[in-house]
Amino acid sequence: MKIIDFDISQSASLITDDSIQKLQPHINLAHQLLHEKTGPGKEYLGWLELPSKINKEEIERIKEAALAIREQSDVLVVIGIGGSYLGARAVLELLQPSRLFGTQKGRAKELQVVFAGHQMDADYLYHLKHWLKGKEFSINVISKSGTTTEPAIAFRIFRQLLEERYGDIESRKRIYVTTDARKGALKNLADEKGYQSFIIPDDVGGRYSVFTPVGTLPIAAAGIDIDELLCGAAKAEKSLETPCLKSNAAYRYAAYRSFLYQQGKSIEILASFDSQYHYLCEWWKQLFGESEGKEKKGIFPTSLQYTTDLHSMGQYVQDGRRIVFETVIKTEESKESVLVPDTGDNNDGLEYLKNKELGMINNKALEGTIMAHIDGGVPVGILSVPEKSAFWIGYLMYFFQKSCAISGYMLGVNPFDQPGVEDYKRNMFSLLGKPGTEQLRQELEVKWKK
Ligand SMILES: O=P(O)(O)OC[C@H]1O[C@H](O)[C@H](O)[C@@H](O)[C@@H]1O
């Protein structure tokens, strides 16, 4: 039976199953806090039963909007940052590998999804604006608060471009807003202009929102089957209901992290041997980093793409400070077959690999790397994902959400807030001269001797 599993048996010399099992009482407590909705952040647990309680009518509305976008445009500009951006990007990059090279070649009228508002890089926005010349485009602006600076600026830029191109009335039909049901500047603007709007539920935080319209609208617009995605998430919700460590792989993963953190391992590397997982790793970093990095505690989540990074960071992992552990994503099947060509000579010394599958070679690299890292004192957990499909990515993302919540409760923090993120924003607003922030500006000038 196909399933996402988490296995640490190869690292037995560094971490035993027994030491994980001993954490069952802690897991039970965390499970209780989560499922009885009594823990910190309990007002943000809407994601927990979201896949099984999905509103069918809303899904139909999303599919209709996705179809309309595909009919009216060549390009969808998705504007958002953090949890309002990474989930959709992760799914797109994982399931549409040809995106990595720009276009969806060979397909009739394929909508291209591009991202903006995830930074304030002037050069990027300038070139994107110019690239859109002569292309039909629509916008999906996504912001739960409706006030985040980066997407708000990008939305101004692309809304202006849209209005100049299509005029006020037509451009209103090309703007799709995903935001709070009641409050925020974006909500007000959407009401005023009559943009088609989608709601981010109050009880679902940004980094847990991929199965809401935050993720599903751009994912559906890209032509990915959101029923399958949600079906995978619902399957995970059901399969990961039990607190029993032996049968709940997400809880085993949480316990493994918790155990290693107590042993002084403060950095977790999420590694994959498949470049399509890059943005899934970025999404995972926000999920765990924002959920756990508080009160001067928490594992620092980072990611590496192998074998690429074995040629840059491999040295550190193998032989640097022993504060690192690794979680390796292993996908069983490569979708495509690529063979090492038989060139009729052995000048490069690769004759022994002729006609061999690249997928098989990559797999041997994975096996060899895991052995080397364990020998070097790095515990490695293997997260096996049956295939790269909408169903299994849905399952995987729910798996991570659930393990993150449990891991956060085991750490003793609120896994659903992010108070620290406000500090840079406060300073930035003051330095930009936002009205009402004069006092802070003076304090900053004195402190930093400007
Ligand atoms: O959706 P938004 O309200 O625009 O927020 C986007 C992101 O910005 C923040 O600063 C938060 O730290 C993130 O958790 C959030 O996902």
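**Reasoning through crossings and contacts**

Mentor: Let's begin with two helices: α10 and α14 cross in a right-handed way. Keep in mind that this model is predicted.

Trainee: What makes α10 oblique to α14?

Mentor: Start with the angle. The axes of helix α10 (residues 249–262) and helix α14 (residues 390–411) come within 8 Å, crossing at roughly 40°. An angle under 35 degrees would count as roughly parallel, one from 65 to 115 as roughly perpendicular, and one over 145 as roughly antiparallel. The crossing fits none of these classes, so α10 is oblique to α14.

Trainee: Which residues make the contact between α10 and α14?

Mentor: Contact here means heavy atoms within 4.5 Å. On α10, the residues include Ala249, Tyr253, Arg257 and Tyr261. On α14, Phe399, Lys402, Ile406 and Leu411 are among them. By class, this contact has 12 nonpolar, three polar and two charged residues.

Trainee: How do you know that α3 is oblique to α8?

Mentor: Use the angle again. Helix α3 (residues 56–72) and helix α8 (residues 213–221) have axes that come within 8 Å and cross at roughly 40°. Roughly parallel needs an angle under 35 degrees and roughly perpendicular 65 to 115. Therefore α3 counts as oblique to α8. The crossing of α3 past α8 is right-handed.

Trainee: Which residues make the contact of α3 with α8?

Mentor: Glu58, Ile62, Ala65, Ala66, Ile69 and Arg70 of α3 meet Pro213, Thr216, Leu217, Ala220 and Ala221 of α8. Sorted by class, there are eight nonpolar, one polar and two charged residues.

Trainee: Now the ligand. Which residues come nearest to the ligand?

Mentor: Ser84, Ser143, Thr148, Glu290 and Lys425 come nearest, out of the 13 residues around the ligand.

Trainee: Why is the pair formed by Thr148 and the ligand called a polar contact?

Mentor: The cut-off for a pair of N or O atoms is within 3.5 Å. A polar side-chain atom of Thr148 lies 2.5 Å from an oxygen atom of the ligand, so the pair passes as a polar contact. For Ser143, the distance from a polar side-chain atom to a ligand oxygen atom is 2.6 Å. For Gln286, the corresponding distance is 3.3 Å.

Trainee: What joins Tyr306 and Thr307?

Mentor: A cis peptide bond, with omega about 10°. Thr307 sits in the loop between β8 (300–305) and α12 (314–319).

Trainee: What is the phi of Lys296?

Mentor: Lys296 has a positive phi, about 60°, although it is not a glycine. You can find Lys296 in the loop between α11 (278–292) and β8.

Key. Residues numbered from 1 in each chain as written. Predicted model: local features only at pLDDT ≥ 70, side-chain atom pairs only at ≥ 80, totals over all residues. Heavy atoms only, no water. Axes fitted to C-alpha atoms, helices over the stretch in contact; angles between N-to-C directions. Helix = DSSP H or I, 4+ residues; strand = E, 2+ residues; numbered from the N terminus. Left-handed = near helix turned anticlockwise from the far one by under 90°. Nonpolar A, V, L, I, M, F, W, Y, C, P; charged D, E, K, R; others polar. Near = heavy atom within 4 Å. Polar contact = N/O pair within 3.5 Å; in protein donor to acceptor, adjacent residues only side chain to side chain.
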